Amino acid sequence: MARVYALLIENALQTGETAEAPHIKGWVQKSLGWFRTSVAEAEAVGADGIRGQALMGLGTVLAATGDTATAREALDSSVIALESLKASHHLAKARERLAAL
């Protein structure tokens, strides 16, 4: 669900809507909530790859809404988690998103 809301946000922002629109704010809150839950659950069961991907999604949504400091923290954590697994595809995406901040 986190990714579904993230895609809705991304598509709306690409059409010129702002992150301040009420429906987008709602999607942001839902997406962030689901990503945070995913990070916590993945951490609880030791699923570092899923945790790294969820942190990347979290950072992406935070960046889209202008919270670059928190986005950077999430993306940094994502890179660290994905580096430890040598998850090249997701690691490249996380590094790319971090560099774009």
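A residue is called exposed when its relative accessible area is over 50%, buried when that value is under 20%, and partly exposed in between. With a relative accessible area of 51%, Glu43 is therefore exposed. The structure described here is a predicted model, and the same three words are applied below to other residues.

Across the whole structure, a search finds 3 salt bridges. One of them involves Glu43, which pairs with Arg51 so that the closest N and O atoms are 3.2 Å apart. In another, the side chains of Glu20 and Lys25 meet with a distance of 3.3 Å from N to O. The partners in this pair fall into separate classes of accessibility: Glu20 has a relative accessible area of 56% and so counts as exposed, whereas Lys25, at 42%, is partly exposed. A further salt bridge joins the side chains of Arg95 and Glu83, with 2.6 Å between N and O. This pair links distant parts of the chain, since Arg95 belongs to helix H5 and Glu83 to helix H4, and the two residues are 12 apart. Arg95 is partly exposed, its relative accessible area being 43%, and Glu83 is also partly exposed, with a value of 37%.

Between helix H4, which covers residues 68-85, and helix H5 runs a loop that contains Lys86. The phi angle of Lys86 is near 55°, a positive value in a residue other than glycine. For most residues other than glycine, phi is negative. Lys86 has a relative accessibility of 71%, and because this is over 50%, the residue counts as exposed.

Helix H5 also takes part in the largest pocket, which holds about 320 Å³ of space. Empty space of this kind is revealed by rolling a probe the size of a water molecule over the atoms. The lining of the largest pocket consists of 16 residues, and those nearest its centre are Ala6, Glu10, Gly57, Thr60 and Arg97. At least two lining residues are supplied by each of helix H1 (2-14), helix H3 (48-64) and helix H5 (88-99). In terms of residue class, the lining is made up of 8 nonpolar, 4 polar and 4 charged residues.

Helix H3 holds two residues for which burial was also computed, Met56 and Leu62. Met56 has a relative accessible area of 4%, and because this is under 20%, Met56 is buried. Leu62 is likewise buried, with a relative accessibility of 4%. Distances between C-alpha atoms place each of these residues relative to another part of the chain. Leu62 and Val28 are separated by 34 residues in sequence and by 8.4 Å in space, while Met56 and Met1, which are 55 residues apart along the chain, have C-alpha atoms separated by 15 Å.

Met1 appears again at the surface, where together with Val4, Leu8 and Trp34 it makes a nonpolar patch of about 380 Å². Within this group, Trp34 is located in helix H2, which spans residues 22-45. The relative accessible area of Trp34 is 43%, a value between the limits for buried and exposed, so Trp34 is described as partly exposed.

Note on methods. Residues are numbered from 1 along each chain as its sequence is written. This is a predicted model: local features need pLDDT of at least 70, side-chain atom pairs count only at pLDDT 80 or more; totals for chains, interfaces and linings use all residues. Side-chain values use heavy atoms; hydrogens and water are left out. Patches are made of residues with over 30% relative accessible area and no salt bridge: like charges are joined within 9 Å, nonpolar side chains (Val, Leu, Ile, Met, Phe, Trp, Tyr) within 5 Å. Accessible areas come from the Shrake-Rupley method with a 1.4 Å probe; for residues, only the protein chains shown count as cover. A salt bridge is a side-chain nitrogen of Lys or Arg within 4 Å of a carboxyl oxygen of Asp or Glu. Helices (H or I, at least four residues) and strands (E, at least two) are DSSP runs, numbered from the N terminus. Buried means under 20% relative accessible area, exposed over 50%, partly exposed in between (1.4 Å probe, protein chains only). On a 1 Å grid over the protein atoms alone, a cavity is a set of points where a 1.4 Å probe fits but cannot get out, and a pocket is an open set with protein on both sides within 12 Å along at least five of seven lines; lining residues have an atom within 4 Å of a point. Grid points are joined across faces, edges and corners, and a volume is the space filled by probe spheres set on the points. Ala, Val, Leu, Ile, Met, Phe, Trp, Tyr, Cys and Pro count as nonpolar, Asp, Glu, Lys and Arg as charged, and the others, Gly among them, as polar.
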